[in-house]
Structures are given as C-alpha cells and as structure tokens.
Amino acid sequence: MYCTRNILLSTKTQNCCDASHSKNRVTFCLFIILIVLAKLCNTENLSPQQNKHPRRHVRIVIRNSPITRSTDNILMRYARERDRTLVRVIRTKRRKRNKDVLHIAPTHMRTVRLKSKTGFFLEIQPSGKVTGHVNKTKYTKMELQVITPHVKRIKSVATGRYLAINRKGKVISKGVSDNETYFFEELSENYDYLYCSIKYPKTDSGLSWYVGLKRSRSRKTLQGRAKRASRTLPGDSATHFSIFFEH
C-alpha cells in the first residue's frame, strides 16, 4: 500500500509539473505574439518618409547569366567610367594657341575657401600669381566647379582666373580654361582634400603633381607662396586642404 501511494503521489506531481510547464509555454507564446503585433502596428503607423525601405536592386542579364547588383554600385561604376574618360580626354588633348581648348560646363558650383594645413588660405592675385594668406581676403574666395564626382576646377571669384599647373611643375593661374586647369580630387585618411594635376606628369610611372602652399622666405609676413608641384608628395602637409563653404 505504501508503494502504491508513493507511485500515485509521484504521478500527480508529474502531471502538475507538466500542466505548469504547458501554461508557461502558452503564456510565453502569447507574449511573443503580442510583441510582434505591436511592432507591426508601429510600422503601419509610420509615415512613408520614416519607414526604411531596403535597397532597390536591379536585375541585369549579361550573356544569358542573371546578375543582381544594387543601384548604388551601378552609379559608382558609371561615375568612375566618366572620370576615366574625362581624364583620358584631358591627357590626350593637344594645346592650341589663344583658343579655349577644353571648357566643360560644370554640373554645379560652390563658393569655398581652401585652407592648407600649413595655415594659409589659397588666393589668386589680379596679376595671376598664386599665393597664400593667413587671413580671409577677397582673393581667397574660390568657386569650386564640379565636372565629375572627382574631377574639379578651381576659379577665383574676385579675379575670374583659373588655378592651373603648367608643364614645368609650377602652380599658376590662367584667364581661360584649358586642359591644365583640371584637377583630380583625392580624399586622405584624415579627411583632407588633395588636388593633383590630370595633365601632368605625362608618364604614368611618375608621381602625381599636387597643389601646395608653403611659408614664404621672410617668415614675418602673413603671406605664403605656392610650392612647386613637381616636388610635392601626397604626405606633405602643404598639399592637404580643408574646405570652408561660403554662403
């Protein structure tokens, strides 16, 4: 009798435990369902601007093989192809005397001031000389013209002259836009901007020529001078510029 009572008690306790476990499972499932419903209601109530949609994908078929690529990658590839074609045109275009050799209309323009890491603002004098100044002047205001996402052209607002690098490696300015006035914009690791000449150097093995500003020989003055582009390196502080937008 004692054994049978123990067996009955054990079976009753097992049944109670199973019932409690099943109740816990049911309550847990109901809790999860309520959370999911609440999230669905919140997403439906969101405005179309707040609702985050996944990236759209474009399906392309190349030689009967379907390839799925995001639109961002396609746009980046298109921009790179435009940069390459424009760079090829600028490097192969021959120069003619007293003629506007290569003037491409920019997509958009911004009024900026370019400040070098050496502490000088880039300025173009009315005489055509490229210098730097510690303070902001009317000659330091530049118009940054965007041709492609990486190809830029810099024009002085006060004098109307374009920044350029000639074949001797000197940073000069020109009254007319030609293939020497186009620059390739690079972004450094410190988020500084570098502007190298597209036309020169002609050899692909040579280093790029960058626009740079350094201190003048008399350090007491507030003006700097342009560094020879053929002697610049990407790591020089004179070639790193910060952009200050003007309204």
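How much accessible surface does the protein have, and what percentage of this surface belongs to carbon and sulfur atoms? The accessible surface comes to about 17300 Å², and 54% of this area belongs to carbon and sulfur atoms. The structure considered here is a predicted model.

**Overall architecture**

The protein contains two helices and 14 strands. Of its 247 residues, 31% count as buried. Contacts can also be sorted by the separation of their partners in sequence: among contacts between residues at least 6 apart, 54% join residues at least 24 apart.

**A nonpolar patch on the surface**

V26, L30, I33, L34 and L37 make a nonpolar surface patch of about 480 Å². One of these residues, L34, belongs to helix 1, which covers residues 2-45. L34 counts as exposed because its relative accessibility is 56%, and the cut-off for exposed is over 50%.

**Salt bridges**

Side chains of opposite charge can pair when their charged atoms come close. The structure holds six salt bridges. Three of them are listed below with the distance between nitrogen and oxygen.

| Salt bridge | N to O distance |
|---|---|
| E246 and R113 | 2.8 Å |
| E185 and K152 | 2.6 Å |
| D236 and K227 | 3.3 Å |

The salt bridge between E246 and R113 can be placed within the fold. E246 lies in the segment after strand 14 (241-245), whereas R113 lies in strand 3 (residues 108-116), so this pair ties together parts that are 133 residues apart in sequence. The two partners fall into separate classes of accessibility: E246 has 21% relative accessibility and therefore counts as partly exposed, while R113, at 8%, counts as buried.

In the salt bridge between E185 and K152, the closest N and O atoms are 2.6 Å apart. E185 is part of strand 10 (residues 183-187) and K152 is part of strand 7 (residues 151-156), so the pair ties together parts that are 33 residues apart in sequence. Both E185 and K152 are buried.

D236 pairs with K227, with 3.3 Å between the closest N and O atoms. Why does D236 count as buried? Its relative accessibility is 19%, and buried means under 20%, so D236 meets that cut-off. Salt bridges that share partners also join K174, D178 and E180 into one network.

Technical notes: Residues numbered from 1 in each chain as written. Predicted model: local features only at pLDDT ≥ 70, side-chain atom pairs only at ≥ 80, totals over all residues. Heavy atoms only, no water. Patch = residues over 30% accessible without salt bridge, like charges linked within 9 Å, V, L, I, M, F, W, Y side chains within 5 Å. Areas by Shrake-Rupley, 256 points an atom, 1.4 Å probe, with all protein chains shown as cover. Salt bridge = Lys/Arg side-chain N within 4 Å of Asp/Glu carboxyl O. Helix = DSSP H or I, 4+ residues; strand = E, 2+ residues; numbered from the N terminus. Buried < 20%, exposed > 50% of the residue type's maximum accessible area, 1.4 Å probe, protein only. Contact = heavy atoms within 4.5 Å.
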